[in-house]
Structures are given as structure tokens and as C-alpha cells.
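Here is a small set of exercises to work through with a viewer open. Try each task before reading its solution.

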Amino acid sequence: MKNPPRSFAGVFGRALAALVAVGCLGLAFAAGNSGARREPAASFRLASADLTPGGRLPDAQVLDGFGRHGGNRSPHLRWENAPAGTRSFVVTLFDPDAPTGSGWWHWVVIDLPAATRELAAGASRQAGALPAGSREMRTDFGAPGYGGAAPPAGETHRYVFTVHALDVPRLDVPDDASAALVGFLVHQHALGSATLTVSYGP
């Protein structure tokens with residue numbers, strides 16, 4: 001007994017499905033090759049003319065007080081390759097080794113405009129030296145502005161400079177806000193960050 005003839009619609013439908021499948025595979029392969037050719041995004045990076053990553057904090061950036069006799073001068077900082085969509089920056093200096101149970105905030109600068117890529121050496125507490133609209137916030141020394149390293153005698157501490165890229169142009173905090181409050185909001189709005197760590201001690 002002969003098999004019944006196949007319908008034209010059935011044969012055409014199967015052929016069309018096969019062509020679509022081959023086309024999808026071709027598109028997927030092309031997309032994969034296109035992705036392989038893309039250059040990786042450059043990483044957000046923080047550098048300084050005054051500081052060497054992993055090196056010793058210079059005396060110019062050490063506190064003049066608490067038994068230390070440094071220059072208490074904020075260092076030069078510059079950064080590049082900020083994340084897309086950055087609307088402002090925050091710069092901080094933190095000592096995670098301070099014997100307080102919560103570290104020590106040495107410097108907090110907020111509301112740096114998105115076009116900012118550099119802070120000059122000695123910019124802290126100098127009229128007009130920081131970009132317009134930016135604010136220096138209260139540190140753990142109890143006042144705004146840079147406060148240099150002053151670890152207890154015989155101890156070596158790490159000092160972590162960080163630039164945070166944010167998705168908002170300003171942080172909604174009062175001028176006397178604590179560094180902890182600033183840090184909370186920074187983490188709410190962070191697109192990325194870059195760090196530079198140095199140390200100071202005997």
C-alpha cells in the first residue's frame with residue numbers, strides 16, 4: 001500500500017522552520033564574534049603625584065598634632081575612566097586600623113562636579129582651591145578639612161584614599177553631617193570607586 005502524498009503546506013512549513021533555525025545560529029555566531037572583538041572597558045583608577053601605592057605616606061601628609069609634626073597637607077589626587085553616568089564624586093581618606101572599633105575618617109570631600117578629574121596638593125581648607133560647589137565635611141577630628149596621619153606610637157596604619165563616582169549631582173546632607181552619614185549615602189548612590197592605599201608608622 002502506498003504512503004499518502006505529503007501536503008505542500010507541511011513540506012513548506014518544515015523547510016521554513018529549518019531556514020529560520022539556521023539564520024538564528026548565524027546571528028548568534030556573528031554576535032559572539034562581535035563581542036569578542038570589543039575592547040574591555042578601561043578601569044576606574046586613582047593616582048597621585050605625591051603618593052606611591054603601597055608606599056609610605058610622606059611627612060607632608062602627616063598630622064601636625066597628637067605628637068606628630070607633619071605638614072598636614074592634603075595630597076595631589078587625580079583619577080580617570082570614571083563609570084558612565086557619573087554625576088558627581090566624593091573623595092575620602094580612611095584609616096581602618098585606628099583603635100576606635102570603627103576606624104578614623106581623615107578627609108571627606110563631597111559634591112565634586114562630574115567634570116572634576118584632579119585635586120591639587122594642599123587644596124583642603126584653601127579658599128577657591130576645590131571645585132565650585134564641593135564641600136569638605138566633618139571628619140573624626142571634629143572639623144571639616146584634611147587631617148593627616150597620626151597613629152599611636154609604635155603602630156603602622158593603612159591610609160586608604162578613595163574616589164567614589166555617584167549617580168546624583170549632590171548629596172542631601174547638612175554641612176555638619178558625620179562621615180558615617182555621608183558614607184551611607186555614598187553607598188546608596190555609588191556607580192564605582194577607585195582606591196590608593198599607603199601606610200605610615202615607625
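The exercises below go from the whole chain to single residues.

This is a predicted model, in which local features need pLDDT of at least 70 and side-chain atom pairs count only at pLDDT 80 or more, while totals for chains, interfaces and linings use all residues. Residues are numbered from 1 along each chain as its sequence is written, and side-chain values use heavy atoms, with hydrogens and water left out.

**Exercise 1. The whole chain**

Task: Describe the secondary structure and the burial of the protein chain.

Solution:
- Step 1. Start with the elements: the protein chain has two helices and 10 strands. Helices (H or I, at least four residues) and strands (E, at least two) are DSSP runs, numbered from the N terminus.
- Step 2. Put them in sequence order, and the pattern reads α-β-β-β-β-β-β-β-β-β-α-β.
- Step 3. Turn to burial: 39% of the 202 residues count as buried. Buried means under 20% relative accessible area, exposed over 50%, and partly exposed in between (1.4 Å probe, protein chains only).
- Step 4. Look at contacts (heavy atoms within 4.5 Å). Among those with a separation of 6 or more, 73% come from residues 24 or more positions apart.

**Exercise 2. A sheet and its middle strand**

Task: Work out the order of the strands in the open sheet that contains β4, and which way its side chains point.

Solution:
- Step 1. Find the pairs, remembering that two strands pair if DSSP finds at least two bridges between them. Strand β1 (residues 45-47) pairs with β4 in the antiparallel sense over three bridges, and β4 pairs with β7 (residues 118-119), also antiparallel, over two bridges.
- Step 2. Check the register: Leu46 has Trp79 as its bridge partner in β4, and Arg78 stands opposite Glu118 in β7.
- Step 3. Assemble the three strands: the open sheet has the order β1-β4-β7, with antiparallel pairing. Its edge strands are β1 and β7, each pairing on one side only.
- Step 4. Follow the side chains along β4 (residues 77-80): Leu77 and Trp79 point to one face and are buried, whereas Arg78 and Glu80 point to the other face and are not.

**Exercise 3. The nonpolar core**

Task: Which residues touch the most other members of the largest nonpolar core?

Solution:
- Step 1. Fix the term: a nonpolar core is a set of buried Ala, Val, Leu, Ile, Met, Phe, Trp, Tyr and Cys residues joined through side-chain atoms within 4.5 Å. In soluble globular proteins, nonpolar side chains tend to be buried together.
- Step 2. Rank the members: the core holds 26 residues, of which Trp79, Val91 and Phe161 touch the most others.
- Step 3. Trace the suppliers: β4, β5 (88-95), β6 (104-113), β9 (157-166) and β10 (190-200) each give at least two residues to this core.
- Step 4. Separate the neighbour: apart from this core lies another of 13 residues, including Val90, Val108, Ile110 and Val168.
- Step 5. Zoom in on Trp79: beyond four places in sequence, the residues that Trp79 touches include Phe44, Leu46, Phe89, Val91, Leu112 and Val163.

**Exercise 4. A network of charges**

Task: Start from Asp111 and find the residues joined to it by salt bridges that share partners.

Solution:
- Step 1. Set the criterion: a salt bridge is a side-chain nitrogen of Lys or Arg within 4 Å of a carboxyl oxygen of Asp or Glu. The structure holds five.
- Step 2. Take the pair of Asp111 and Arg135, whose closest N and O atoms are 3.0 Å apart. It links strand β6 with strand β8 (residues 135-136) across 24 residues.
- Step 3. Add Arg170, which forms a salt bridge with Asp111 at 3.4 Å. Here β6 is linked to the loop between β9 and α2 (179-189), 59 residues apart.
- Step 4. Add Asp175, which meets Arg135 at 2.7 Å, N to O. Arg135 and Asp175 lie 40 residues apart, with Asp175 in the loop between β9 and α2.
- Step 5. Compare accessibilities: Asp111 counts as buried because its relative accessibility is 4%, and Arg135 is buried at 12%. Arg170 is partly exposed at 48%, while Asp175 is exposed at 55%.
- Step 6. Conclude: salt bridges that share partners join Asp111, Arg135, Arg170 and Asp175 into one network.
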